[in-house]
Amino acid sequence: MIKDPHATAAALLPLVGGPANVTSVAHCMTRLRLGLADRSRVDDEALRAVPGVLGVVEDGASYQVVLGPGVVGRVTAAFETLLAAGRIGTADDRADGDGRNGDGEADGEAGGKTAGADDASVAPAVAPAADTAVDTADALTRRGAELKARQKARNATPLKTALRRVADIFVPLIPALIGCGIVAGIAGLLTNLRWLPGLTPALTALSSAFMALIAVFVGHNTAREFGGTPVLGGAVAAVVVYPGVAKVTAFGTALAPGQGGVLGALAAAVLGTYVEKWCRARLPGTLDVLLTPTLTVLVSGLLTLYVLMYAAGEVATAIGTAADWLLTTTGALAGLILGGLFLPLVMLGLHQALIPIHTTLIEQQGHTVLLPVLAMAGAGQVGAAAAVYVRLRHDTSLRTTIRSALPAGLLGVGEPLIYGVSLPLGRPFLTACVGGAAGGAFVGLFAMLGTEVGATAIGPSGWALFPLLAGGGWAVTAGVYGGGLLTGYAVGFLATYFFGLPDGAGRPVCDPEKHEPRPADRPGPRPASPR
């Protein structure tokens, strides 16, 4: 647990190469995401050893320090403050470093006369050492550049780059999705109970307003991510949700406001960014101010209306149909696969790329049926951690880590347990995936039987998802979801307890009574085995 975010930020900054090596700073729900000028200047082992750091992840474009929910925002703010102060200090040093000493003389002039008398005797002795140092530094620099290039080439695959960009577009929207989703859940609960009928319309308006305009925010973030003007991206994407598009006909069909949803907004903003860049590269400065925004909105807006909205609408409809078919037809198998593979996606930081699919389903159906299935991965993780806690009774440090990370795990935030417990141990990570697969299969089985479990928002998981559940009646839906969690806990625990740890794990390394090594662990020859 991080008690002083400023101390943590101060410890992190020099280990990532100092202010000059940090090109960008951002954070999601659990990770500090850094853009680095030179990856070779980062000390990975020292970063992992910083108290409160749960792990590090690199996806090629950003270096991510896993800090956990709640604290990452405070550490990021402190980190940005230190970063700004460090850069100001560096600029001041450069301004003062003009090659003169405190008396106003050039350094070479002040010391040149004294050194000149001994130049002939000193130079031959010093030069070889200096040359060797320069050669060594150059070799290390070249080696670091080669390692960086290989690492960048390995991670900069088109798929990873695309997923990272999609995640960077949607991650900043998660807090609003969570807040509006919870308000929507409260409004639905009050409506079902017929309480406060005068308040529920207001709550419904609060929860629905953001979803009605989410295309604008997606367009804004997309343009920023692809190097365009954010407000132009938002302006182009706004046409997707404008009510007046109902008067426009494309491919013989009248458009509907919101058709294509976030996918249409994403495509519109990407197109707008390329149109904007094309214009800025060709128009002179006097015309650029007027014509570039106009052509960006006009060209990309018309293509959005007559092509992208219709195409994105077809894709969004296909996503909803596929999700429904997947769970109603192959529910148990689909849940097994999705629940079992979600933890590796979380480990790699790629799970954020699923946000557009969740958002599309929420726009279409009012809830996403995939999130409750994927949430079972966290249940398997909790069960695995509980088994490690029981088996490794004498590892007080690890048990302390589990106790501090388990509450977050129960609420669906699995990264503290992943990086602090299961992944370092190895096999418990795999058995946690087994638990997640079992829980996913449980929820998927009930989907096949006609009991659909959905979530009205994304972000929360575990126990925190209960207020957001939707489907065929909250009580039934909550019962199925709770049964899936219990299945994930139980299977994750049993798989880890019996198969996730070495046979000798959990036994003390010394005899409790005498506090000395067991006979098999004492140095020297072992006692002969009985025949």
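1. A good place to start is Glu45, which is exposed, with a relative accessible area of 58%. Please keep in mind as you look around that this is a predicted model. The side chain of Glu45 meets that of Arg48 in a salt bridge, with 3.4 Å from N to O. Arg48 has 41% relative accessibility, so this residue counts as partly exposed. Why are Glu45 and Arg48 separated by about one helical turn? Because the two residues are 3 apart in helix H2, which covers residues 44-49.

2. Next, have a look at helix H11, residues 261-282, where Glu276 and Arg280 both lie, 4 residues apart, or about one turn of the helix. Their side chains form a salt bridge at 3.0 Å, N to O. Is Glu276 buried or exposed? Its relative accessibility is 5%, so Glu276 counts as buried. Arg280, in turn, is partly exposed, because its relative accessibility is 38%.

3. Arg280 has another partner to follow. Its side chain also meets that of Asp288 in a salt bridge, here with 2.8 Å from N to O. Asp288 counts as buried, because its relative accessibility is 15% and the cut-off for buried is under 20%. Glu276, Arg280 and Asp288 are thus linked in a network of salt bridges. For the whole model, the count comes to 5 salt bridges.

4. Now for the surface. Which residues make the nonpolar surface patch of about 920 Å²? They are Leu287, Val289, Leu290, Leu291, Leu295, Leu298, Val299, Leu302, Leu303, Tyr306 and Val307. Leu287 is a handy one to find, as a residue of helix H12. With 38% relative accessibility, Leu287 counts as partly exposed.

5. On to the open spaces, beginning with the largest pocket, which holds about 600 Å³ of space. Its lining has 31 residues, and the closest to the pocket centre are Phe342, His351, Gly412, Gly459 and Ser461. Several helices each supply at least two residues of this lining: H7 (174-193), H12 (285-348), H13 (355-365), H14 (370-374) and H15 (376-391). Sorted by class, the lining of the largest pocket has 19 nonpolar, 10 polar and 2 charged residues.

6. There is enclosed space to find as well. How many cavities of 30 Å³ or more does a search of the whole structure find? The search finds 2. About 70 Å³ of space lies in the largest cavity. The lining of this cavity is made by Ala323, Asp324, Leu327, Thr328, Val369, Val373, Val443, Ala447, Thr451, Glu452 and Val453. Two or more of these lining residues come from H12, and two or more from helix H18 (427-448). H12 gives the most, with 4 residues. By class, the lining of the largest cavity divides into 7 nonpolar, 2 polar and 2 charged residues.

7. One last stop is Val57, which you will find in strand S3, residues 55-58. Is Val57 buried or exposed? Val57 counts as buried, because its relative accessibility is 9%. Val57 also makes a nice pair to trace with Tyr419: they are 362 residues apart in sequence and 10.0 Å apart in space, C-alpha to C-alpha.

Methods:
Residues numbered from 1 in each chain as written. Predicted model: local features only at pLDDT ≥ 70, side-chain atom pairs only at ≥ 80, totals over all residues. Heavy atoms only, no water. 1 Å grid on protein atoms, 1.4 Å probe; cavity = no way out; pocket = protein on both sides within 12 Å on 5 of 7 lines; lining within 4 Å. Points joined across faces, edges and corners; volume = space filled by probe spheres on them. Nonpolar A, V, L, I, M, F, W, Y, C, P; charged D, E, K, R; others polar. Patch = residues over 30% accessible without salt bridge, like charges linked within 9 Å, V, L, I, M, F, W, Y side chains within 5 Å. Areas by Shrake-Rupley, 256 points an atom, 1.4 Å probe, with all protein chains shown as cover. Salt bridge = Lys/Arg side-chain N within 4 Å of Asp/Glu carboxyl O. Buried < 20%, exposed > 50% of the residue type's maximum accessible area, 1.4 Å probe, protein only.
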